[in-house]
Amino acid sequence: QVRLRTPNVSLKTLRPAELADLLEELGRGARNELLAMVEPSTAADALEEMDTDELDALLREAPTEQAAVLVDRMEPDEAVDALRELPEDDQRRLLAAVPTDKARELTRLLGYAEDTAGGLMTSLILSATETDTVGQVRQRLRAQAEHITDLDAVCVVDKQGRLIDDVSMAELLLAEPETPVGELVGPPWPITVTPEAPMSAVVKR
């Protein structure tokens, strides 16, 4: 039996995967108690590491308000994957409880079939224009610190918001702060597909 009276300071030292393992070992009541002891963003990171069946059970059994907070803090693609596993009644219950903007975003992503590019995509992106400086982009990245591990590149777009290229985090780290992002743009160029593209087409690209 896992004791939950561990000081919060020691819980904060657990990595998301370790916290996920702990959650999987606990019964319903103990899980809810543990989730209440950690920051929602930390708990959401742990949920993303959980076994699919265990996560499904946790979201169905947790109080609606608590489960909705966790879904809201999960990365969009991870939240959608979790919601897909739930019965439709539970999906609707949680979507009705999360903030309206997030519910609209998740509903849009759920609208794409799992075997399409849209079924795999996330709405978590950071964009920049060619005239933005590396320093400005780094400031935006700092504002997204809680999502930084889920961002591997910054999308460079034109004035109409169309994709030009993507710039890796390594390139942004090595460039001087005053460097225009446009100077980092160049081949190899990104390959794009529509959200409706089947996975077979994505693999071929």
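Which exposed residues does α9 carry on the face turned away from its buried side? Hold that thought for a moment, everyone. One reminder before we start: this is a predicted model.

So, helix α9 covers residues 100-110. The answer to my opening question is T100, D101 and R104, the exposed residues on the face turned away from the buried side. Now turn the helix around. K102, A103, L106, L109 and L110 are buried in α9. These five span an arc of only 130° around the axis, which puts them on the same side of the helix. And what lies over them? The cover for the buried residues of α9 includes α6 (64-73), α7 (76-84) and α8 (88-97).

Let's move along to the sheet. Here we have an open sheet of three strands, in the order β1-β2-β3, and the pairing is mixed. The edges are taken by β1 (127-128) and β3 (163-168), and each has a single partner strand, so one side of each is left without a neighbour in the sheet. As a quick refresher, strands of a sheet pair through backbone hydrogen bonds, either parallel or antiparallel. Strand β2, residues 153-157, pairs with β3 in the antiparallel sense, over five bridges. If you'd like a spot to look for on the screen, find V154, which stands opposite V167 in β3.

One last stop, for the proline fans. P187 and P188 are joined by a cis peptide bond, with omega at about 0°. To find P188, look in the loop between α11 (169-174) and α12 (199-204).

That's my tour, thanks for listening!

Methods:
Residues are numbered from 1 along each chain as its sequence is written. This is a predicted model: local features need pLDDT of at least 70, side-chain atom pairs count only at pLDDT 80 or more; totals for chains, interfaces and linings use all residues. Side-chain values use heavy atoms; hydrogens and water are left out. Two strands pair if DSSP finds at least two bridges between them. Helices (H or I, at least four residues) and strands (E, at least two) are DSSP runs, numbered from the N terminus. Buried means under 20% relative accessible area, exposed over 50%, partly exposed in between (1.4 Å probe, protein chains only). The arc is that of the directions from the helix axis to the C-beta atoms. Contact means heavy atoms within 4.5 Å.
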